[in-house]
Every structure is written in structure tokens, then in C-alpha cells.
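Before you go through this entry, here is a colleague's note to read beside it. Please keep the sequence and the view open while you work through the points.

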Amino acid sequence: GKTVIVTGGNGYLMADTDYVTIAYNAATGARIWLKRYNGPVGLDAAGIALAVNPAGTRVFVTGTSDSAHSEYDMATIAYRVSNGDQLWLRRYNGPGNGDDTGLAAAVSPSGSSVFITGKSMGASSGDDYATIAYNAATGAQRWVSRYNGTGNGSDQAHALAVSPAGTTVYVTGHSAGTTSGADCTTIAYNAATGAQRWVKRYNGTANGIDAGAAVVASPTGKVIYVAGTSAGRGTGLDYITIAYDAVTGARIWLRSYNGPASADDGIAAAAAGPKGGRVFVTGHSQGTGDGPDFATIAYNG
């Protein structure tokens with residue numbers, strides 16, 4: 001609780017950007033350190049997500065970084081929290097030798113593994129989900145698991161969570177369906193091996209765009225909550241929240257929310273209460289005024 005760390009991109013007019021990661025004193029806001037990374041060719045790079053290990057000693061930053069030979073790579077960096085020293089750097093270039101981007105990160109409860117997920121160009125499948133496990137101490141790659149959806153189109157993982165026991169990794173995002181546009185697609189992986197445990201796809205009532213934006217494991221580890229956006233019939237995009245059985249992937253319940261203007265609404269984040277009895281989702285929802293409102297919902301877990 002002594003340090004707050006942020007990451008992003010920094011550059012002149014957003015050209016030739018770098019990863020910029022900054023640590024601040026949580027009590028005073030004083031800057032402790034700042035680290036930049038601009039990749040092997042000194043061109044565009046941007047930090048998108050980060051995670052801190054349970055001990056609070058290491059921070060892992062992921063995003064995307066230009067390369068001389070492979071477009072953009074998914075680049076992940078480990079820093080020492082106390083002074084910003086770089087501990088290791090790993091780059092991932094997918095089989096399509098195209099754009100690869102890390103969009104979410106999480107650390108196992110034991111602190112031994114760091115998990116990254118995002119999008120990665122396939123050899124003949126467009127963007128695929130790409131989830132990677134690294135040894136948190138050394139950066140050695142433990143496994144890579146890729147997912148190409150049923151439509152062989154654009155698939156992007158946006159969020160990641162680890163079970164409280166550290167045995168399962170859950171990712172969610174959107175995946176092109178055969179006849180259904182983008183589906184909200186959630187996958188459970190064995191955290192030790194990357195083997196797929198289950199896949200669940202959700203196609204909303206309008207057969208349109210459905211995408212997971214957040215995934216949360218309940219404190220008990222028995223339920224997984226997925227929250228995102230789903231096209232409704234005549235209601236634009238609606239909030240969608242789904243509870244799955246963590247072991248089997250069976251759907252327990254599903255709730256949607258259409259704001260007062262019956263226009264586009266979108267979830268940005270979700271969280272579970274510490275006892276697992278409630279789940280909270282928040283984002284933007286078009287109200288009756290000129291612009292969108294904050295809309296926050298609590299559900300009985």
C-alpha cells in the first residue's frame with residue numbers, strides 16, 4: 001500500500017510513443033521513479049496494462065511495441081517496485097508475424113507466474129486470443145495458448161483473472177462467430193499447463209456485437225463473473241453480466257441492462273465483494289440528457 005504505479009504511452013502528438021511506467025508515493029504523490037521503453041527500433045510502443053505481485057516487490061507491464069521485422073509485438077517488462085530496475089523483458093511475435101498486443105495482466109496468488117492476454121495475428125486466422133504464462137522471477141515462458149473462434153475472424157481477449165487457488169486462468173473478450181458477428185467468449189485454462197478447460201460463447205438477442213470487458217473470480221473460487229456489452233433488439237448496446245460455474249463453465253445466471261434512453265450502454269469494469277455475495281459492474285449508459293451517464297449496478301452474486 002505504499003506505492004501506486006501507472007503505465008501508458010508518451011510521445012510528441014502521440015507519434016513515436018514509448019512505454020512510460022511511473023511509481024508514486026501513495027501517501028504524498030511524490031514521484032519515486034520513471035522508466036521508459038521504446039522497443040528495439042525506437043518507434044511506437046505503449047504500455048496498456050500492468051499487475052503487481054502479491055508481495056508488492058515486482059510490477060509487470062504489457063502492451064505493444066514496434067519491431068523491425070514483425071510489425072508490433074506483445075512486449076512484457078518486469079520492474080523492481082522499489083527502484084524501477086528492469087528485471088526482465090520478453091517479446092512475443094505471433095505466427096502471423098503481424099500486430100500483437102497485450103491488453104491485460106495478472107499475477108498468480110503465489111507470485112510465481114504472471115499471465116498476459118490480448119490479441120495476436122494468426123497465420124491465416126486474423127486476430128486470435130493469445131494468453132501467455134511467464135515465470136515471474138526469470139521471465140521464462142511457461143506456455144502460450146491461442147484461440148481462433150468459430151468464424152475464423154477477429155478474436156481479441158480484453159480481460160484476465162486468476163482463480164483464488166491459482167489453478168485456473170480465465171480470459172474474456174470478443175470472438176467472431178460463424179453467423180453471429182462477435183460473441184462474448186470466455187475461456188478457462190489450466191494455469192500450470194495452458195490446457196483449455198472450457199470455452200463458453202454468448203451471442204445476444206440481436207445476433208450482433210457481444211464482447212466481454214471484465215472477468216472476475218469470486219473469492220470462493222466457485223463462480224466466474226463476466227461483464228461486457230451485448231447488442232439488444234432495438235436497444236442499441238446493453239450491459240451484459242454473466243455468472244458461470246468456475247469448474248464446468250455452466251451458466252448460472254445472466255442479466256442485462258438497457259439505460260433510460262434505450263441507446264448504447266457499455267460496461268468498463270467489474271468487481272466482486274470480498275465475501276462473494278455481490279458483484280458490481282460499472283460503465284457508461286445513455287441517459288435522457290445530452291451525453292452518457294455513469295451507471296453502476298450491484299447484483300446478488
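The numbered points below go from the whole chain to single sheets, strands and residues.

1. Please bear in mind from the start that this is a predicted model. As to its secondary structure, the chain comes to zero helices and 22 strands.

2. On overall dimensions, the C-alpha trace spans about 50 × 50 × 45 Å along its principal axes. The radius of gyration of the chain is 19 Å, and because a compact globule with 301 residues would have a value near 19 Å, the two agree.

3. On packing and surface, 50% of the 301 residues count as buried, while the chain exposes about 12,900 Å², of which carbon and sulfur atoms supply 51%. If one takes the contacts between residues at least 6 apart in sequence, 48% of them join residues at least 24 apart.

4. One sheet that deserves a careful look is the open one formed by four strands, which follow the order E12-E13-E14-E15 with antiparallel pairing. Its edge strands, each of which pairs on one side only, are E12 (155-162) and E15 (196-202). On average, and with direction ignored, neighbouring strands of this sheet are turned by 20° against each other.

5. Within that sheet, strand E12 is joined by seven bridges to strand E13 (residues 168-176), and the two run antiparallel. To find this pairing in the view, one may start from valine 162, whose bridge partner in E13 is valine 169.

6. Is strand E16 enclosed by the rest of the structure or left open? Seven of the eight residues of this strand (residues 210-217) are buried, that is, under 20% relative accessible area, so E16 is largely enclosed by the rest of the structure.

7. Strand E16 also has an antiparallel partner, strand E17 (residues 223-231), to which seven bridges join it. Across this pairing, glycine 212 stands opposite glycine 228 in E17. The hairpin of E16 and E17 has five residues between the strands, and in this hairpin glycine 221 takes a positive phi near 80°.

8. A further glycine to inspect is glycine 126, found in the loop between strand E9 (113-121) and strand E10 (127-135). With a relative accessible area of 28%, glycine 126 is partly exposed. Once its neighbours within four places in sequence are left aside, glycine 126 is in contact with Ser120, Met121 and Gly153. Aspartate 99, which is 27 residues from glycine 126 in sequence, lies 9.9 Å from it in space, C-alpha to C-alpha.

How values were computed: Residues numbered from 1 in each chain as written. Predicted model: local features only at pLDDT ≥ 70, side-chain atom pairs only at ≥ 80, totals over all residues. Heavy atoms only, no water. Pairing = 2+ DSSP bridges. Axes fitted to C-alpha atoms, helices over the stretch in contact; angles between N-to-C directions. Buried < 20%, exposed > 50% of the residue type's maximum accessible area, 1.4 Å probe, protein only. Contact = heavy atoms within 4.5 Å. Rg over C-alpha atoms; globule rule 2.2 N^0.38 Å. Areas by Shrake-Rupley, 256 points an atom, 1.4 Å probe, with all protein chains shown as cover.
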